[in-house]
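Please take a moment to look over the sequence and the model before reading on. The paragraphs below lead through the fold step by step.

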Amino acid sequence: MSLRPASSGDYPALFRWRSLLEANLLNFNRRIATYEEFVGELDRLLPVSTLLLVRDNQLGAPIGFVLGYHVNPWDGWMFVGAHVEKSFRYRGHGGEAIPLGLDAVFRMFPIRMVYTEVYDYAGPLLRAGNCARL
């Protein structure tokens, strides 16, 4: 597993994840968007945030992302979210990606704290223990 910055070639996968009904991933306006609207949203988001793709090294393909957004440098915080495709959940990819992603946002932005949202489908992960203490 590794992380790499997202590029325009990743937009189709990101749009697929944004369109999932189970969570509001990359959906800051809380509505269904066309692909063109999504690209516009992403083009406005990326200059003021960081979007790192979680890559399965064996497949060579992205299987999720870590996103740092809504940076508040004055108060030293930002939001961080992560997503791993369903077929890769609970197999260690997220457990590796989240600390690497957090390390990246703390290095890239003048912050001391992160906030996150945990969606209902992640309940089993939270019950597993360590994730809730990150």
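A good place to start is the pair of strands β3 and β4, which run antiparallel and are joined by 7 bridges. Within this pairing, Val66 has Ala82 in β4 as its bridge partner. The two strands form a hairpin with 4 residues between them, and in its turn Gly76 has a positive phi of about 75°. Keep in mind throughout that this is a predicted model; its mean pLDDT is 83, and 81% of the residues in the protein chain reach 70 or more.

On the other side of the story stands the pairing of β2 with β3, which is likewise antiparallel and is made by 7 bridges. Here Asp56 stands opposite Ala61 in β3, and the hairpin of β2 and β3 has 4 residues between the strands, with Gly60 taking a positive phi near 75°. As a general point, the strands of a sheet pair through backbone hydrogen bonds, either parallel or antiparallel. The parallel case appears in this model too, since β4 and β5 pair in the parallel sense over 3 bridges, and Trp77 has Met113 in β5 as its bridge partner.

How do these pairings fit together? The 5 strands form an open sheet in the order β1-β2-β3-β4-β5, and its pairing is mixed. The strands β1 (2-5) and β5 (113-115) stand at the edges, where each has a single partner strand, so one side of each is left without a neighbour in the sheet. On average, neighbouring strands of this sheet are turned by 30° against each other, direction ignored.

Helix α1 packs on this sheet, where it touches β2, β3 and β4, and its direction makes about 75° with that of β3. Is this helix, which spans residues 11-18, mostly covered or mostly open? It is mostly covered, because a residue counts as buried when its relative accessible area is under 20%, and 6 of the 8 residues of α1 are buried. These are Tyr11, Ala13, Leu14, Phe15, Trp17 and Arg18, and together they pack against α2 (35-45) as well as against β2 (50-56), β3 (61-72) and β4 (77-84).

This packing leads to the interior, where the largest nonpolar core has 15 residues, and where Leu14, Trp17, Leu42, Leu51, Leu53, Phe65 and Leu67 are those with the most contacts inside it. Each of α1, α2, β2 and β3 supplies at least two residues of this core, while the largest share, 5 residues, comes from α1. A second, separate core has 13 residues and includes Val84, Ala97, Leu102 and Phe109.

A single residue can show how parts of the chain meet. Thr50 lies in strand β2 and is buried, with a relative accessible area of 7%. Leaving aside residues up to four places away in sequence, Thr50 touches Val66, Leu67, Gly68, Val105, Met108 and Phe109.

Finally, consider the chain as a whole, which has 4 helices and 5 strands that run β-α-α-β-β-β-α-β-α from the N terminus on. Buried residues make up 42% of its 134 residues, and among contacts between residues at least 6 apart in sequence, 56% join residues at least 24 apart. Confidence varies along the chain, for among its elements helix α4 (residues 123-127) has the lowest mean pLDDT, 61, whereas β5 has the highest, 94.

Definitions and conventions. Residues are numbered from 1 along each chain as its sequence is written. This is a predicted model: local features need pLDDT of at least 70, side-chain atom pairs count only at pLDDT 80 or more; totals for chains, interfaces and linings use all residues. Side-chain values use heavy atoms; hydrogens and water are left out. Buried means under 20% relative accessible area, exposed over 50%, partly exposed in between (1.4 Å probe, protein chains only). Contact means heavy atoms within 4.5 Å. A nonpolar core is a set of buried Ala, Val, Leu, Ile, Met, Phe, Trp, Tyr and Cys residues joined through side-chain atoms within 4.5 Å. Two strands pair if DSSP finds at least two bridges between them. Axes are lines fitted to C-alpha atoms, for helices over the stretch in contact, and angles run from 0 to 180 degrees between N-to-C directions. pLDDT is the predictor's confidence in each residue, from 0 to 100.
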